[in-house]
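Reader: I should be grateful for a close look at the empty spaces of this protein, both enclosed and open. Please set out which parts of the chain surround them.

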Amino acid sequence: MTDAVVLGGPPAAAPTPVAEPHFELRRLFAFIFMVFGMFMAILDIQIVSASLQQIQAGLSASSDEVTWVQTAYLIAEVIMIPLSGFLSRAFSTRYVFVASAAGFTLMSYFCSRATTIDEMILWRAAQGFIGGGMIPTVFATAYTIFPRSKLPIVAPVIGLVATLAPTIGPTVGGLLTDYFSWHWLFLVNIPPGIMVTVAAWLLIDFDHPNLKLLDNFDWVGLVSMAAFLGALEYILEEGPSKDWFQSGAITYAAILSVTGAVVFFWRVTSARSPIVDLTAFRDRNFWSGCSLSFILGIGLYGLTYIYPVYLAVVRGYSPLMIGNTLFVTGVCQFIMAPVSGILMTKIDPRWMIAVGFVGLGAGTWMSSYVTVDWDFWELFVPQILRGFSMMLCMVPINNLALGTMSPDRVKNASGLFNLTRNLGGAFGLALINTVLDKRMDLHLERLRESVVWGRTAADETVAALTQALAARGSDAAQTAMHVIAMKVRQQAEVLALGDVFLALTVIYLVFAVLPRVMRRPAYLGGPAGFGD
């Protein structure tokens with residue numbers, strides 16, 4: 001437990017767990033290379049998602065097939081993330097990270113050489129599974145090799161990478177495909193991947209293998225966890241496009257996920273050496289931090305998705321133009337990262353989280369008034385609020401959830417913590433797409449009532465458009481109706497996007513009060529607050 005002040009109650013008596021007190025420059029360099037590897041793994045998701053159409057054309061795939069380029073990666077990654085804690089304890093940080101970095105790099109090469117969609121899906125699944133071990137390993141390392149007094153400096157680094165990589169992903173993907181080809185979405189990983197692999201092998205010496213853990217390896221737990229999380233990720237990724245349980249595939253996946261969950265939780269409580277240790281959730285800082293991380297995942301991945309949807313569908317922007325418009329968020333995150341580290345030593349980090357969530361809510365509330373004419377400057381302030389608020393939340397959440405745990409529990413906890421953020425992103429995208437579809441249908445029905453024959457305004461508009469398109473001859477009237485239909489659809493899309501932003505606002509404001517249940521670690525110093 002932690003030496004902390006309980007909100008609204010007396011100070012906790014238990015001492016703060018102390019990380020390894022000695023600090024070596026070699027370990028700092030090792031950590032920097034590890035962070036760079038994590039950056040590659042997170043960035044790879046977004047740069048590929050921004051260029052799926054180019055991959056589809058290059059591999060002669062259907063629209064249904066090409067979505068599996070992303071789905072296969074995410075399913076495999078979500079299985080590896082919680083498994084990485086066990087693997088790090090059994091084989092050590094060095095071997096797990098080197099294998100992850102080397103495997104991710106090799107699979108990136110195979111992806112770039114794929115000639116069919118089946119090959120691409122296979123290599124992407126392998127890339128996601130092998131490379132997925134880098135992300136939680138970096139988080140665990142940050143909270144075990146550095147003294148607690150250094151965490152306000154270290155935490156902003158991993159927080160910046162975890163938020164900046166998804167934000168700039170569409171920009172990077174757009175640049176690579178515009179100036180080169182889709183193959184470079186994967187080839188770009190190879191030089192830095194080799195560098196990170198070699199550096200990790202030479203520099204990492206944080207711990208030693210404990211191969212005895214493999215004697216009681218829980219294969220049933222592994223298979224059930226894979227079925228539970230893999231099927232759940234598939235449901236969240238494909239559910240909106242398949243109309244959820246109207247699809248047989250989604251129904252079967254739900255049955256598989258529930259069955260896997262039952263077996264998995266049974267094994268967690270009964271196995272001699274469970275594949276994942278869920279006792280970390282007994283710590284209220286950890287479970288509340290995971291809850292907040294889940295909500296941040298909705299914003300991190302959801303907003304990275306919904307703003308480009310507006311700019312592409314409504315404004316007709318290219319991927320590069322979208323990246324340039326949204327680059328404001330990345331700049332604000334970069335500026336705010338060191339500021340957040342400093343603030344944690346000056347004020348109560350729980351206030352930072354609460355204010356950050358309110359800021360995110362303010363940004364989405366402003367965006368809920370979106371119109372078809374919004375451009376860079378209309379999105380400027382919401383982007384600033386998003387960038388500053390995201391970093392104001394991310395850094396203290398990481399510190400309160402993982403920085404208050406004993407070092408021997410951090411590896412396992414890091415996998416669970418990162419899993420919640422990824423699942424939050426998957427839930428967020430599923431929620432956004434579902435609300436978008438349902439609300440757009442509703443708005444279409446309402447708007448169509450305004451453009452039916454017999455309404456003066458509609459008749460006058462059709463007549464004016466027909467006259468303006470008279471050069472088309474007999475097709476003028478039909479073209480005029482098509483133009484009106486597209487305008488109605490565009491307006492319905494914008495209204496639905498506004499509803500999505502409003503829904504996100506409610507979510508952020510509701511969870512802004514959750515930091516009140518967290519303990520504030522004594523090593524951060526600064527004045528008490530938030531009811532202490």
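Author: What follows treats the overall fold briefly, then the pockets, the cavities and one helix pair.

The structure is a predicted model, in which local features need pLDDT of at least 70, side-chain atom pairs count only at pLDDT 80 or more, and totals for chains, interfaces and linings use all residues. Residues are numbered from 1 along each chain as its sequence is written, and side-chain values use heavy atoms, with hydrogens and water left out.

The protein has 18 helices and two strands; helices (H or I, at least four residues) and strands (E, at least two) are DSSP runs, numbered from the N terminus. Of its 532 residues, 55% are buried, that is, under 20% relative accessible area with a 1.4 Å probe and protein chains only. Among contacts between residues at least 6 apart in sequence, 83% join residues at least 24 apart, where contact means heavy atoms within 4.5 Å.

Rolling a probe the size of a water molecule over the atoms shows where empty space is left. On a 1 Å grid over the protein atoms alone, a cavity is a set of points where a 1.4 Å probe fits but cannot get out, a pocket is an open set with protein on both sides within 12 Å along at least five of seven lines, and lining residues have an atom within 4 Å of a point. Grid points are joined across faces, edges and corners, and a volume is the space filled by probe spheres set on the points.

The largest pocket has a volume of about 1700 Å³. It is lined by 47 residues, and Ser 49, Leu 52, Tyr 305, Val 309 and Asn 433 are the closest to its centre. Helices that each supply at least two lining residues include H2 (52-59), H4 (68-112) and H10 (219-238), while H16 gives the most, with eight residues. The lining divides into 23 nonpolar, 16 polar and eight charged residues; Ala, Val, Leu, Ile, Met, Phe, Trp, Tyr, Cys and Pro count as nonpolar, Asp, Glu, Lys and Arg as charged, and the others, Gly among them, as polar.

The second largest pocket holds about 240 Å³. Thr 144, Phe 206, Asp 207, Pro 407 and Lys 411 lie nearest its centre among 15 lining residues. H4, H6 and H16 each contribute at least two residues to this lining, which has four nonpolar, five polar and six charged residues.

Two cavities of 30 Å³ or more are counted. The largest cavity encloses about 50 Å³, and its lining includes Thr 167, Pro 170, Thr 304, Ile 322 and Arg 386. Helices H7 (151-179), H12 (284-314) and H13 (319-344) each give at least two of its lining residues. The second largest cavity, of about 30 Å³, is lined by Ile 42, Ile 45, Glu 77, Ile 135, Tyr 301, Arg 421 and Asn 422. Two or more of these residues come from each of H1 (25-49) and H16 (407-448).

Ile 42 and Ile 135 also take part in the contact of H1 with H6. These helices pack at an angle of about 145°, with their axes 9 Å apart; axes are lines fitted to C-alpha atoms over the stretch in contact, and angles run from 0 to 180 degrees between N-to-C directions. Their contact has eleven nonpolar, three polar and no charged residues.

Methods: Buried < 20%, exposed > 50% of the residue type's maximum accessible area, 1.4 Å probe, protein only.
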